[in-house]
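User: Please take a close look at one part of this structure, namely how a pair of its helices pack against each other, and then set that part in the context of the rest of the chain.

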Amino acid sequence: MLDQHHTRRFGLPTATALVMGNIIGGGIFLLPASVAPYGTLSLLAFVVLTVGAIALALVFGRLARRDPSTGGPYVHARAAFGDFAGFLSAWSYWTMTWVSNAALAVAAVGYVHVLAPGHASKGMDLAIALLALWLPALANLAGTRWIGAVQLVSTVLKFIPLLFVAVVGLFFFDPDNIGPFNAGGGSALGGMSAAAAILLYSYLGVESASMSAGEMENPERNVGRASVLGTIGAAVVYLLGTVSVFGTVAHKDLVNSTAPFSDAVDAMFGGTWGGTLIALAAVVSIVGALNGWILMSAQAPYAAAKDGLFPAVFAKRRRGVPTVGVFVGVVLASLLTVVNYTSGSNGVFATLVLITTFSATVPYLLAAGAQLYFLLAGRRDEVRTGRFVWDLVLALAGFGFSFWLVSGAGYAAVYQGVLFLFAGVLVYVVIAARRQSQGTDGAVAGDDAAAEAGIP
């Protein structure tokens with residue numbers, strides 16, 4: 001019997017925190033320095049990208065009204081284009097999540113060194129990275145109640161220092177610190193595109209509420225709300241934080257900074273305590289992001305397994321969580337982390353991380369394409385016909401944003417990602433052949449725990 005004490009549907013605040021927490025990981029703490037070489041036109045690129053991300057968030061909300069099931073992009077891709085497209089969406093999303101979780105854990109190590117300086121060793125670094133993975137994994141395995149609690153607390157804790165710098169920094173704003181509008185020296189459009197290529201992946205995670213729709217209260221309404229609110233909340237922190245850092249740290253220093261938010265705090269108040277404060281915020285931010293992304297790593301295979309497109313064991317849930325998916329995802333991320341610290345070379349790890357930059361965009365493209373299909377195919381029972389034109393504009397904007405993500409990934413990422421995507425075809429062949437030989441219709445029984453809890 002399912003332990004109801006550990007199971008709770010996500011309300012709107014928790015779902016919004018899930019979206020914001022997944023969008024904002026550790027990358028924000030380097031973001032102002034990353035775009036500083038392109039000048040203040042990078043802020044314009046931010047605004048354009050924010051509009052595209054919000055459009056995609058609204059598309060996910062529209063799709064959730066049609067089918068509020070766990071799995072988000074996978075569910076909609078399969079409904080529109082069939083099993084194979086659904087599998088590619090689930091496969092791409094799953095591989096992206098556990099590889100990027102390993103990358104997040106490795107990133108946490110550097111910030112821990114700032115908090116606890118000393119003689120670093122590979123063994124200690126590996127232990128810290130694995131701890132960063134398994135602590136939020138244990139929260140996931142404990143049930144949705146714990147996932148929601150950790151996500152809310154970590155989101156609040158990491159946003160306090162970020163908002164502090166973003167808001168208080170405006171009072172220390174010095175226009176003389178601002179660099180030129182187009183610091184790159186080329187065309188403004190070229191500079192904005194170059195800045196956008198760096199900023200594009202700042203909004204990965206906008207689909208988080210859609211992925212967990214089956215665990216949400218009133219998902220038909222709350223998926224869209226949480227997606228938009230979470231995206232806007234992240235955008236406000238991104239934009240205000242970048243503007244404040246631009247105005248408090250001299251441009252010539254910012255382009256070479258390795259800790260721009262710390263430099264901003266030091267410039268505002270003097271001393272060197274800013275580095276410790278921001279490092280602590282970064283660790284909390286990464287752990288919070290891992291808490292949400294570990295759940296995401298289990299949701300796509302869970303939804304696909306229910307339809308017979310992933311091994312059936314991934315369809316098992318306990319305490320409202322696909323525990324096998326959580327465990328397998330964390331084990332794979334842990335193995336990749338071990339490889340990173342023991343192989344003597346970052347080549348394999350860097351290649352796999354590169355693959356994620358492309359893999360993340362495949363589900364977005366398919367989901368936006370699915371919405372376009374539902375609209376243009378005339379399936380009026382599956383769309384809100386009174387808002388046909390507006391929904392069509394949103395779907396086209398979401399598809400354009402997703403396409404921009406692909407183009408911004410770079411040739412190497414697309415090349416490596418396509419190869420890995422095609423490798424999934426072999427997996428699909430094996431699964432499809434087994435389904436055919438067993439005469440199954442694709443639905444997997446056995447999700448008894450979820451049925452007892454009344455969870456879709």
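Analyst: What follows begins with one helix pair and then widens to the core, a second pair and some single residues.

The model is predicted, and its protein chain contains 19 helices and zero strands. The part chosen here is the pairing of helix α3, residues 41-66, with helix α17, residues 388-408, whose axes come within 8 Å and cross at roughly 120°. Since angles from 65 to 115 degrees would count as roughly perpendicular and those over 145 as roughly antiparallel, α3 and α17 are therefore oblique to each other. The crossing in which α3 passes α17 is left-handed. On the α3 side the contact is formed by Val 48, Leu 49, Gly 52, Ala 53, Ala 55, Leu 56, Leu 58, Val 59 and Arg 62, and on the α17 side by Trp 390, Asp 391, Leu 394, Ala 395, Ala 397, Gly 398, Phe 401, Ser 402 and Trp 404. Sorted by type, the residues of this contact comprise 13 nonpolar, three polar and two charged.

Tyr 203 links this pair to other parts of the chain: leaving aside neighbours within four places in sequence, Tyr 203 is in contact with Leu 49, Ala 53 and Phe 401, and also with Ile 23, Phe 46, Thr 50, Thr 231, Ala 235, Tyr 238 and Tyr 364. Tyr 203 is also listed, together with Ile 24, Ile 28, Phe 29, Tyr 238 and Phe 310, among the residues with the most contacts inside the largest nonpolar core, which has 127 residues. Helix α13, residues 273-306, gives the most to this core, with 17 residues. In soluble globular proteins, nonpolar side chains tend to be buried together. Over the protein chain, buried residues make up 55% of the 456 residues, and of the contacts between residues at least 6 apart in sequence, 85% join residues at least 24 apart.

Between α3 and α4 runs a loop that holds Gly 72, a residue that is buried, with a relative accessible area of 0%. Not counting residues up to four places away in sequence, Gly 72 touches Ser 210 and Met 211, while the C-alpha atoms of Gly 72 and Gln 299 are separated by 8.7 Å although these residues lie 227 residues apart along the chain.

Beyond that loop, helix α4, residues 73-81, forms a pair with helix α16, residues 361-376, their axes coming within 8 Å and crossing at roughly 45°. That angle makes α4 oblique to α16, and the crossing of these helices is left-handed. Here Pro 73, His 76, Ala 77, Ala 79, Ala 80 and Phe 81 of α4 meet Pro 363, Leu 366, Ala 367, Gly 369, Ala 370, Tyr 373 and Phe 374 of α16, a contact whose residues divide into 11 nonpolar, two polar and no charged.

Two residues that are not themselves nonpolar complete the picture. Thr 337, in helix α14, residues 323-342, counts as buried at 0% relative accessibility, and outside its neighbours within four places in sequence Thr 337 is in contact with Ala 102, Val 106, Leu 126, Ala 129, Leu 130 and Leu 133. Asn 222, whose place is in helix α10, residues 219-248, is buried as well, with a relative accessible area of 8%, and by the same exclusion Asn 222 is in contact with Leu 12, Met 216 and Glu 217.

Technical notes:
Residues numbered from 1 in each chain as written. Predicted model: local features only at pLDDT ≥ 70, side-chain atom pairs only at ≥ 80, totals over all residues. Heavy atoms only, no water. Axes fitted to C-alpha atoms, helices over the stretch in contact; angles between N-to-C directions. Helix = DSSP H or I, 4+ residues; strand = E, 2+ residues; numbered from the N terminus. Parallel < 35°, antiparallel > 145°, perpendicular 65-115°, else oblique. Left-handed = near helix turned anticlockwise from the far one by under 90°. Contact = heavy atoms within 4.5 Å. Buried < 20%, exposed > 50% of the residue type's maximum accessible area, 1.4 Å probe, protein only. Core = buried A, V, L, I, M, F, W, Y, C linked by side-chain atoms within 4.5 Å.
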